[in-house]
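Trainee: I should like to go through the terms applied to a model and ask what justifies each of them.

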Amino acid sequence: MIRELANPTRFMSLSGTLLPWVGGLAALLVAVGLYLVWFAAPADYQQGETVKIMYLHVPAAWLSLFFYMIMASSALGTLVWRHPLADVSQKAAAPIGAAFTLICLVTGSLWGKPMWGTYWQWDARLTSMLVMLLIYLGILALWRAIEEPNRAARAVSILTLVGAVNVPIVKFSVDWWNTLHQPASVFRIDGPTIHPSMLVPLLIMAVAFTLMGVALHLAGMRTEILRRRVRTLTILEAERLDAQAA
Amino acid sequence: MSHTFFIAFSYIVTALVIAGLILRAVIDHRIQVRTLADLESRGIGRRSRRG
């Protein structure tokens, strides 16, 4: 299956069929999720309506880590297995991961002000998330700095794998250190501590964001494949013009 | 500031960032499709290396 998908032509055909379905399902789930958030989920007994920020902040945080893991697996694919689509996947995932990290930080800050009395605190969770955004920006800058796609992919892969050290730090920072940020309340060994009336909309929003991210990733990969075809043809055209001039 | 401001601002920022991602994906895809079609219409294909 993976071997079949490794062929860019096969990938273009399959992703072309999948993309409208994934995108459509994402849009539908966003609509259902937002309806539940605004018309069904109750206000929190302590936070009041401010808890509505959670339905954006938490899925964005999960997707920030999710896309970093996609980039790290793609980086392994580039360096170890030289998978034809691995660096295409890495390049397409970086801006999406960076965007969700930015959403997580901004919404977290806007949630923090009314709840904690401050927009920002240099605690372990917030700081490691900021480091995550800086790593994403570094990766995006490196892609732009090296013109030749294969060389760029190898350099970015190394940076991505080094930066992967930050993923468990983000995840476990609230357990390892005493932070202002609360500990995990959904993925816990003893089960979620959120009431189902809030948990269900949260999970629907998380699935909707994930499908939206997957659709954007597929679209980004398709565009990157086209960009590489354009690059190859442009080089061929230059070679042909050189040959004619000679 | 009321809590409404923080909630509304969060939703606006998220909507703008996601709209930006979607718009960027659509525009970038269109540019590549148009450039590729232009190159191919000028007869530049993989086979031109052999021929």
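The exchange below takes the labels one at a time and sets values against cut-offs.

Mentor: Please bear in mind that this is a predicted model. As an overview, chain A has eight helices and zero strands, and its C-alpha trace spans about 80 × 35 × 30 Å along the principal axes. Buried residues account for 49% of the 246 residues in chain A.

Trainee: Why is Arg228(A) called buried?

Mentor: The relative accessibility of Arg228(A) is 16%. The term buried requires a value under 20%, so Arg228(A), at 16%, counts as buried. Arg228(A) lies in helix α8 of chain A, and its C-alpha atom is separated by 15 Å from that of Ala238(A), 10 residues apart along the chain.

Trainee: What makes Phe66(A) and Phe67(A) an edge-to-face pair?

Mentor: Two values decide the matter. The ring centres of Phe66(A) and Phe67(A) are 5.4 Å apart, and a pair needs centres within 6.5 Å. The planes stand at 85 degrees; because an angle over 60 degrees counts as edge-to-face, the label follows. By this rule the count over all chains comes to 11 aromatic pairs.

Trainee: Are these two residues buried or partly exposed?

Mentor: Phe67(A) has a relative accessible area of 0% and is therefore buried. Phe66(A) stands at 34%, which falls between the limits of 20% and 50%, so the term for Phe66(A) is partly exposed.

Trainee: Why is the pair of Phe100(A) and Phe209(A) called tilted?

Mentor: The centres of these rings lie 5.8 Å apart, with the planes at 40 degrees. Stacked would need an angle under 30 degrees and edge-to-face one over 60, so 40 degrees leaves the term tilted. The pair links distant parts of the chain, 109 residues apart: Phe100(A) belongs to helix α4 (residues 86-116) and Phe209(A) to helix α8 (residues 196-245). Both Phe100(A) and Phe209(A) are buried. Together with Phe66(A) and Phe67(A), these two residues form one aromatic cluster.

Trainee: How do you know that the charged end of Lys52(A) sits over the ring of Trp38(A)?

Mentor: The charged end of Lys52(A) is 5.5 Å from the centre of the Trp38(A) ring. The distance limit is 6 Å, so that part of the test is met. A second case is Lys171(A), which lies over the face of Phe172(A) at 5.8 Å from the ring centre.

Trainee: What span is expected of helix α2 of chain A, and what does the helix reach?

Mentor: Helix α2 (residues 8-39) has 32 residues and reaches 44 Å from its first C-alpha to its last, close to the 46 Å expected at 1.5 Å a residue. There is nevertheless a kink of about 35 degrees at Leu18(A), shortly before the proline Pro20(A). The buried residues of α2(A) include Phe11(A), Met12(A), Val22(A) and Leu36(A).

Trainee: What makes Asn7(A) the cap of the N-terminal end of α2(A)?

Mentor: A side-chain oxygen of Asn7(A) lies 2.9 Å from the backbone nitrogen of Thr9(A). A polar contact requires such atoms within 3.5 Å, so 2.9 Å satisfies the distance limit.

Trainee: Which stretches does UniProt annotate as "transmembrane region"?

Mentor: The unreviewed UniProt entry gives several, among them residues 21-41 and 61-81 of chain A. In the model, residues 21-41 are 90% helix, with end C-alpha atoms 28 Å apart. Residues 61-81 are 100% helix, and their end C-alpha atoms lie 30 Å apart.

Key. Residues are numbered from 1 along each chain as its sequence is written. Chains are lettered from A and ligands numbered from 1 in the order in which they are written. This is a predicted model: local features need pLDDT of at least 70, side-chain atom pairs count only at pLDDT 80 or more; totals for chains, interfaces and linings use all residues. Side-chain values use heavy atoms; hydrogens and water are left out. Helices (H or I, at least four residues) and strands (E, at least two) are DSSP runs, numbered from the N terminus. The expected span of a helix is 1.5 Å times one less than its number of residues. The bend at a residue is the angle between axes fitted to the seven residues ending there and the seven starting there. Buried means under 20% relative accessible area, exposed over 50%, partly exposed in between (1.4 Å probe, protein chains only). A polar contact is a pair of N or O atoms within 3.5 Å; within protein, one must be able to donate a hydrogen and the other to accept it, and residues adjacent in sequence count only if both atoms are side-chain atoms. Rings of Phe, Tyr and Trp (its six-membered ring) pair if their centres lie within 6.5 Å; planes under 30 degrees apart count as stacked, over 60 as edge-to-face and the rest as tilted. A charge sits over a ring if NZ of Lys or CZ of Arg is within 6 Å of the ring centre and within 35 degrees of the ring normal. UniProt positions are given in the numbering used here, feature names are shortened, and annotations may be inferred rather than shown by experiment.
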